[in-house]
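Please read the following report alongside the sequence and the coordinates. The topics are the internal cavities, the aromatic pairs, the strand pairing and one long-range contact.

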Amino acid sequence: MNIILFGAPGSGKGTQAKFIMNRYGVQRISVGDILREYSNIPTILGKKIKKTMDQGKLITDKIVISSIRKKINQKSCRNGFLFDGFPRTILQAKSMKKENIFIDYAIELDVCEDLIYERILGRRVHISSNRIYHIKYSPPKIRGKDDITGEKLVVRKDDTENIIRTRLMEYKKFTKPLSKFYQMEEKNGNSKYFRINANLSIDQVRFLIKGILD
Ligand code: AP5
Ligand code: MG
């Protein structure tokens, strides 16, 4: 089972991806997490990625596609994979088709703009595990600390109001058109496309996803 999860920043991709991975045994591939790892490597490429991500802009298709290629060829993807935040452009989606990577389910998380700001500005993350919290909607047991390791939680560098604005612009320009793309894919019998109301609570969204994948 190969799945893609796409939606605006803060729509809940990472939150739901962890649940899908555990329930359905598919390998989660978060392009954002992969790129954040690259951005910590002090090479010219790493620095370039860091600069672009810190500005809230998309990384070039070429870099993204080559990093994905490496991942899906790994053994852990034998039972299928779940892309969190890929594809993010029509070119990325088409390149996947060209390489004969088939998507069974394309799930779009649809969320309104007001909630996006509230969710992202309240997000806290545990860097080494990529565990995601929210100060109000998914708080850690101890304020500011990861539930498992007790280590400090941090705010992602691109989680500021200004950068969220840019990320949203990038989303509308490059990623939103995937909605139509996957509707066409469904018409042509290639993938099943679902749009989910992601304004609902974490549990409610999870329930809707179960309804699709169970
Ligand atoms: P990425 O890391 O993917 O960031 P994003 O798309 O902006 O999405 P987020 O991770 O911010 O949000 P999310 O949807 O995962 O929400 P989450 O579950 O955390 O990408 C970062 C950057 O990498 C990009 O800007 C770009 O530069 C680059 N990049 C990545 N992929 C790329 C690609 N394919 N091509 C080119 N460049 C690429 O939830 C958010 C918060 O809300 C959390 O606190 C959570 O607890 C809470 N929450 C979640 N769901 C709910 C709910 N239903 N109700 C209440 N709270 C909720
Ligand atoms: Mg995410």
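## The largest cavity

In this predicted model, the largest cavity holds about 80 Å³ of space, and the structure has two cavities of 30 Å³ or more. The lining of the largest cavity is made up of A93, M96, K97, I101, F102, I103, F181, Y182, E185, N190 and S191. Two elements, α5 (90–98) and α8, give two or more residues to this lining. Sorted by class, the lining of the largest cavity comprises seven nonpolar residues, two polar residues and two charged residues.

## The second largest cavity

The second largest cavity has a volume of about 50 Å³, and its lining consists of I65, I68, R69, I72, F86, S95, M96, E99 and I101. Here the elements that give two or more residues are α4 (61–72) and α5, with α4 providing the largest share, four residues. By class, six of the lining residues of the second largest cavity are nonpolar, one is polar and two are charged.

M96 and I101 appear in the lining of the second largest cavity, and M96 and I101 are also among the residues that line the largest cavity.

## Aromatic pairs around Y182

The structure contains six aromatic pairs. In one of them, the ring centres of F6 and Y182 lie 6.1 Å apart with their planes at 40 degrees, an angle that falls between the limits for stacked and edge-to-face pairs, so the pair is tilted. This pair connects distant parts of the chain, since F6 belongs to strand β1 and Y182 to helix α8 (residues 178–187), at a separation of 176 residues. Both partners, F6 and Y182, are buried.

Y182 also pairs with F181: the centres of these two rings are 5.0 Å apart and their planes stand at 80 degrees, so this pair is edge-to-face. Through such ring pairs F6, F181 and Y182 are linked into a cluster. With a relative accessibility of 3%, Y182 counts as buried, and F181, at 14%, counts as buried because its value is under 20%. F181 and Y182 are also among the residues that line the largest cavity.

## Strand β4 and its partners

Strand β4 (residues 105–110) has five of its six residues buried, so this strand is largely enclosed by the rest of the structure. To one partner, strand β1 (residues 3–7), β4 is joined by five bridges, and the two strands run parallel; within this pairing, L5 stands opposite I107 of β4. To another partner, strand β7 (residues 192–197), β4 is joined by six bridges, again in a parallel arrangement, and here I107 stands opposite F194 of β7.

## I202 and a long-range contact

I202 is found in helix α9 (residues 202–213). Its relative accessible area is 27%, a value that is neither under 20% nor over 50%, so I202 is partly exposed. When its neighbours within four places in sequence are left aside, I202 is in contact with T15, Q16, Y137 and S138. Of these contacts, Q16 illustrates the separation along the chain: I202 and Q16 are 186 residues apart in sequence, while their C-alpha atoms are 7.8 Å apart in space.

Notes
Residues are numbered from 1 along each chain as its sequence is written. Chains are lettered from A and ligands numbered from 1 in the order in which they are written. This is a predicted model: local features need pLDDT of at least 70, side-chain atom pairs count only at pLDDT 80 or more; totals for chains, interfaces and linings use all residues. Side-chain values use heavy atoms; hydrogens and water are left out. Buried means under 20% relative accessible area, exposed over 50%, partly exposed in between (1.4 Å probe, protein chains only). Two strands pair if DSSP finds at least two bridges between them. Contact means heavy atoms within 4.5 Å. Rings of Phe, Tyr and Trp (its six-membered ring) pair if their centres lie within 6.5 Å; planes under 30 degrees apart count as stacked, over 60 as edge-to-face and the rest as tilted. On a 1 Å grid over the protein atoms alone, a cavity is a set of points where a 1.4 Å probe fits but cannot get out, and a pocket is an open set with protein on both sides within 12 Å along at least five of seven lines; lining residues have an atom within 4 Å of a point. Grid points are joined across faces, edges and corners, and a volume is the space filled by probe spheres set on the points. Ala, Val, Leu, Ile, Met, Phe, Trp, Tyr, Cys and Pro count as nonpolar, Asp, Glu, Lys and Arg as charged, and the others, Gly among them, as polar.
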